[in-house]
Amino acid sequence: MRLLIASSIHPPKVEALKKEHDVVCAFNAKEDVLKEVIKDREVLIFRSGVQITAEVMACAPDLKLLIRAGSGFDNVDLDYVKERGLGFIRIPEPGAKAVSEMAFGLMLALSRNIVNGDKLWRAGRWAKKELTGYLLTKKTLGIIGCGNIGTRTAKLGDAWGMRAIGCVENPTPPRGKEMMEKSHVELMDFDQVVAQSDYLCIHVPKNEKTLNLIDKSVFEKMKKGSYLVNLARGGVVNETDLREALLSGHLAGAGMDVHEKEGEGNISPLADLDNVVLTPHIGAQAYDSQEEIGDRIHEIINDFMAKASEEATTEATVAGV
Ligand code: MLT
């Protein structure tokens, strides 16, 4: 098949796909480049960092299938995908494992001053007395958005001896019961989660309802001395308001893997604050997870080809060929 890989996926898998298919790679290409390279493609594989607009897809008359090599779909025009009847397959599970573990990486880095300790000791400062911290054990872990990633994070929190609480968009008593049984997370409303959490982790998709969801009004409701961790999408947390909440000392710290402005050359407005840990959207970048995503891409394409050839055989039979 003719594939366009528009984001970096597991490199050995790119090589394997090249052996079986006609592959064009244009990682993180801008719209004008995508419009060119997609022209004769049948399958588009992408992650975050590229914008898959209706205009881009319209340039590809043979396009049949989009594979989102991960979870979020805020960067693709799904109305167009539906309207044109294109196939759209996401691969959320492997990345969810990596993102939920990363939440703990950020919580620990913040609570135990790991990044500051590293920075100081590299410069010869033995800051043992200053760099005290807090246990995660027995603290309240709040999850905004108990989907795939959020429930995994809650489960890990439970294993860590934390009290996990969380909220979902449409809570119902049976859903609450199931979440408690399966993930040991207690569902409550958004404001309660915000007010009770020592660590507030954001795991919602980005859409018109979640844009700027975590702003000044939310920071004011958070416990003094609590921490914020954002592994969802840039724009869900208002960085200007977060900066104020950190500078005022109301929040003890923030771990931000996703940012309002991402990509080479951008600098976060929080970059000068010591109580912030910043990473470049690497939540899902675990080797194991990317390898698993690569395997799934391979399977999806094989299944797609098998189905297409089955349909062609059926059509030929019906036509009496
Ligand atoms: C995702 O949505 O799966 C993650 O943001 C990882 C990515 O695609 O870059």
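Which side chain has an N or O atom 2.7 Å from an oxygen atom of the ligand? That's His281, and I'll start there. Before that, a word on what we're looking at: this is a predicted model, where local features need pLDDT of at least 70 and side-chain atom pairs count only at pLDDT 80 or more, while totals for chains, interfaces and linings use all residues. Residues are numbered from 1 along each chain as its sequence is written, and side-chain values use heavy atoms, with hydrogens and water left out.

Okay, the ligand. Besides His281, the backbone gets involved: a backbone N or O atom of Ser71 lies 2.7 Å from a ligand oxygen, and a polar backbone atom of Gly72 is 2.9 Å from an oxygen atom of the ligand. The protein covers 90% of the 260 Å² of accessible area that the ligand has on its own; those areas come from the Shrake-Rupley method with a 1.4 Å probe, and for residues only the protein chains shown count as cover.

Who's around it? The ligand is surrounded by Arg47, Ser48, Arg68, Gly70, Ser71, Gly72, Arg233, His281 and Ala284, where a residue is near a molecule or strand if one of its heavy atoms lies within 4 Å of it. That shell splits into one nonpolar, five polar and three charged residues. For the record, Ala, Val, Leu, Ile, Met, Phe, Trp, Tyr, Cys and Pro count as nonpolar, Asp, Glu, Lys and Arg as charged, and the others, Gly among them, as polar.

Next up, helix 11. Helices (H or I, at least four residues) and strands (E, at least two) are DSSP runs, numbered from the N terminus. In helix 11, residues 239–247, the buried ones are Glu239, Asp241, Leu242, Ala245 and Leu246. Down the helix axis, they fall within an arc of 155 degrees, so they line one face of the helix. The arc is taken from the directions from the helix axis to the C-beta atoms. Over on the other side, Thr240 and Leu247 are exposed. Buried here means under 20% relative accessible area, exposed over 50%, and partly exposed in between (1.4 Å probe, protein chains only).

What covers that buried face? The cover includes helix 10 (216–221) and strands 10 (226–230), 11 (251–256) and 12 (276–278). Now the two ends. At the start of helix 11, a side-chain oxygen of Asn238 comes to within 3.0 Å of the backbone nitrogen of Thr240. Just after the helix, Gly249 takes a positive phi of about 85 degrees.

Now a couple of buried residues elsewhere. Ser111 sits in helix 5 (residues 92–111) and is buried, at 1% relative accessible area. Its side chain makes a polar contact of 2.6 Å with the side chain of Tyr199. A polar contact is a pair of N or O atoms within 3.5 Å; within protein, one must be able to donate a hydrogen and the other to accept it, and residues adjacent in sequence count only if both atoms are side-chain atoms.

Thr153, in helix 7 (residues 148–159), is buried with a relative accessible area of 0%. Leaving out residues up to four places away in sequence, Thr153 touches Ser100, Ala103, Phe104, Leu141, Ile143 and His203; contact means heavy atoms within 4.5 Å.

And on the outside? Asp32, in helix 2 (residues 31–37), counts as exposed at 55% relative accessibility. Lys177, from helix 8 (residues 173–183), is exposed too, at 53%.
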